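Thanks for passing this one along. Here are a few notes to read alongside the model, in the order I would go through them.

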Amino acid sequence: MNKNEIRKEIAELIDSIKQHSDEIGTQKRIPQIELELILSKIKRLYERSIVFNYLNTVDEANEEQVIIPRPFIKDTEPAPQPELEDVVEVFSIPAPPISEHPFPSTSGTPKKDIKKLVGLNEKFQFTKELFGNDAAQYNSALDRINASDDKASLTVVLNELASERGWQPENKTADAFRRIAERIF
């Protein structure tokens, strides 16, 4: 893998992301597909940057071509140009296993993290409609929910949030937020 090729791809990705940024800068509403495309390019930029960073640590004599140590090669025949997924897999360090239920509860039933239960679109909707576009308030509320020990304490937290934020009982967004929160147990 050539360091200069990766450098060129990084520059092209940055230019492409900048172009997207310029295009959406004047739009009132950004289409979801556009956001997903930008996120995809940012992810690819991040992955290529990791590889480029690795290449910068390679000895000056071997700067033009990376030699992958034998234990990291999966197939006996080297691929002429590996796909991005292969490169990332080779250079990434496996993360330790994460429990699906990182928060223990006093009831003995494992508890889920609400941050993992809320989708991206829901997060934006909840932040905007329930927390007045205040991400800090939203995150604080999620922390309070995660800190609840059982369903009864969760109900207290949700009722406090509804009272503090002035959520009406017929508010569908608040109801959706409550239903997701109740899934932590």
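In which loop is Asn133 found? Asn133 sits in the loop between α5 and α6. Please bear in mind throughout that this is a predicted model.

1. **The loop after α5.** Two residues here deserve a look at their backbone angles. Gly132, just after α5, takes a positive phi of about 55°. Asn133 also has a positive phi, of about 65°, although Asn133 is not a glycine. Asn133 is exposed, with a relative accessible area of 56%, and a residue counts as exposed when that value is over 50%.

2. **The buried side of α5.** Moving back into the helix, the buried residues of α5 are Phe126, Thr127 and Leu130. Around the axis they cover an arc of only 110°, so they lie on the same side of α5. Among the elements that cover these buried residues are α6, α7 and α8.

3. **The start of α8.** There is a side-chain to backbone pair worth displaying here. A side-chain oxygen of Asn171 comes to within 2.9 Å of the backbone nitrogen of Thr173, at the start of α8.

4. **The buried face of α8.** Thr173, Ala174, Phe177, Ile180 and Ala181 are the buried residues of α8. Viewed down the helix axis, they fall within an arc of 125°, so they line one face of α8. The partners they pack against are α4, α5, α6 and α7.

5. **The largest nonpolar core.** This core has 21 residues, and Ile114, Ile145, Trp167 and Phe177 are the members that touch the most other members. Two or more residues come from each of α4 (114-117), α5 (120-130), α6 (135-147), α7 (151-165) and α8 (172-182). Which helix gives the most to this core? That is α7, with 5 residues.

6. **Ile145 up close.** If you want one residue to centre your view on, try Ile145, one of the members with the most contacts inside the core. Leaving aside residues up to four places away in sequence, Ile145 touches Lys111, Ile114, Leu154, Val157, Leu158, Leu161, Phe177, Ala181 and Ile184.

7. **A second core.** Finally, do not stop at the largest core. A second core, separate from it, has 8 residues, including Ile6, Leu13, Ile17 and Leu45.

Note on methods:
Residues numbered from 1 in each chain as written. Predicted model: local features only at pLDDT ≥ 70, side-chain atom pairs only at ≥ 80, totals over all residues. Heavy atoms only, no water. Core = buried A, V, L, I, M, F, W, Y, C linked by side-chain atoms within 4.5 Å. Buried < 20%, exposed > 50% of the residue type's maximum accessible area, 1.4 Å probe, protein only. Helix = DSSP H or I, 4+ residues; strand = E, 2+ residues; numbered from the N terminus. Contact = heavy atoms within 4.5 Å. Arc of directions from axis to C-beta. Polar contact = N/O pair within 3.5 Å; in protein donor to acceptor, adjacent residues only side chain to side chain.
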